[in-house]
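Here is a friendly walk through one protein model, with the sequence and the structure side by side. Keep the viewer open as you read.

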Amino acid sequence: MATIKQDELSDVVKEQLESYAENVYNGVKKAVDKTAKETKEEIRKSAEFQDRTGNYRRAFALKKTETTGWRRTYTKTWYVKAPYYRLTHLLEKGHLTRSGGRTRAFPHIAKGEEYAERNLTKNVEEAIRRVSK
C-alpha cells in the first residue's frame, strides 16, 4: 500500500479522475463506432424497395465529428453521398406522381434511427461497466 502525503492527495485524485474520464471516453467512442456501423447495415437491410443498380445503397456512408477541449464530443453521422442524397426524402416519405396519385413510402431511415436509439444506450452502458471494473 502506497502512502500519499496530504499536499499530494489532490494531484493523485485529479490524475485518477482524468485517467477514468479518458477510459470512459474511449469506451463510449468504441460504442458509438459499433452502433453507427450496425445502424448503417440495418438501414441497408431495411431498404425494401427495388434499387435496380444498388447505387443508392452503396452511397450510404458515415462521417465522424470530434471536438476536443474541456467538453469533448464524438459523433458519427449517417448520410447518403451525392447525387443519391436527393432520393432519401422521396423514398422515406413518398411523393406525388404526375397523375395526381402518391407513391408508396419506404421508411428505411426511421427504422435505422429506432435501431440506433435502442442499441446506443445499451452499448454505452456496457462500455462504462467494462471501464468501471
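Lysine 63 lies over the face of tyrosine 79, at 5.7 Å from the ring centre. A charge is taken to sit over a ring when NZ of Lys or CZ of Arg is within 6 Å of the ring centre and within 35 degrees of the ring normal. Arginine 72 is placed over the face of tyrosine 25, at 3.7 Å from the ring centre.

Before going further, a word on the ground rules: this is a predicted model, where local features need pLDDT of at least 70, side-chain atom pairs count only at pLDDT 80 or more, and totals for chains, interfaces and linings use all residues. Residues are numbered from 1 along each chain as its sequence is written, and side-chain values use heavy atoms, with hydrogens and water left out.

**Aromatic rings and the core**

How many aromatic pairs does the structure hold? There are 2, listed below. Rings of Phe, Tyr and Trp (its six-membered ring) pair if their centres lie within 6.5 Å; planes under 30 degrees apart count as stacked, over 60 as edge-to-face and the rest as tilted.

| Pair | Centre to centre | Angle between planes | Geometry |
|---|---|---|---|
| Tyr56 and Phe60 | 5.1 Å | 80° | edge-to-face |
| Phe60 and Trp78 | 5.1 Å | 65° | edge-to-face |

The second pair links distant parts of the chain: phenylalanine 60 belongs to strand E1 (residues 60-67) and tryptophan 78 to strand E2 (residues 73-80), 18 residues apart. Strands (E, at least two residues) and helices (H or I, at least four) are DSSP runs, numbered from the N terminus. Through these ring pairs Tyr56, Phe60 and Trp78 become a cluster.

Is phenylalanine 60 buried or exposed? Its relative accessibility is 2%, so phenylalanine 60 counts as buried; the scale calls a residue buried under 20% relative accessible area, exposed over 50% and partly exposed in between (1.4 Å probe, protein chains only). Tyrosine 56 is buried too.

The cluster's residues also belong to the largest nonpolar core, whose 10 residues are Ile43, Ala47, Phe49, Tyr56, Ala59, Phe60, Trp78, Val80, Leu91 and Phe106. Such a core is a set of buried Ala, Val, Leu, Ile, Met, Phe, Trp, Tyr and Cys residues joined through side-chain atoms within 4.5 Å. Leaving out residues up to four places away in sequence, alanine 59 touches Tyr79, Val80, Lys81 and Tyr84, where contact means heavy atoms within 4.5 Å.

**Two loops**

Alanine 82 and proline 83 are both in the loop between E2 and helix H3 (87-93). The peptide bond joining alanine 82 to proline 83 is cis, with omega near -5°. In general, most peptide bonds are trans. Alanine 82 counts as exposed because its relative accessibility is 58%. Its C-alpha atom is separated by 9.5 Å from that of tyrosine 56, 26 residues apart along the chain.

Glycine 94 is found in the loop between H3 and H4. With 7% relative accessibility, glycine 94 counts as buried. Beyond its neighbours within four places in sequence, glycine 94 is in contact with His89, Arg102, Thr103, Arg104 and Ala105. From glycine 94 to lysine 76 the C-alpha to C-alpha distance is 27 Å, with their positions 18 residues apart in sequence.
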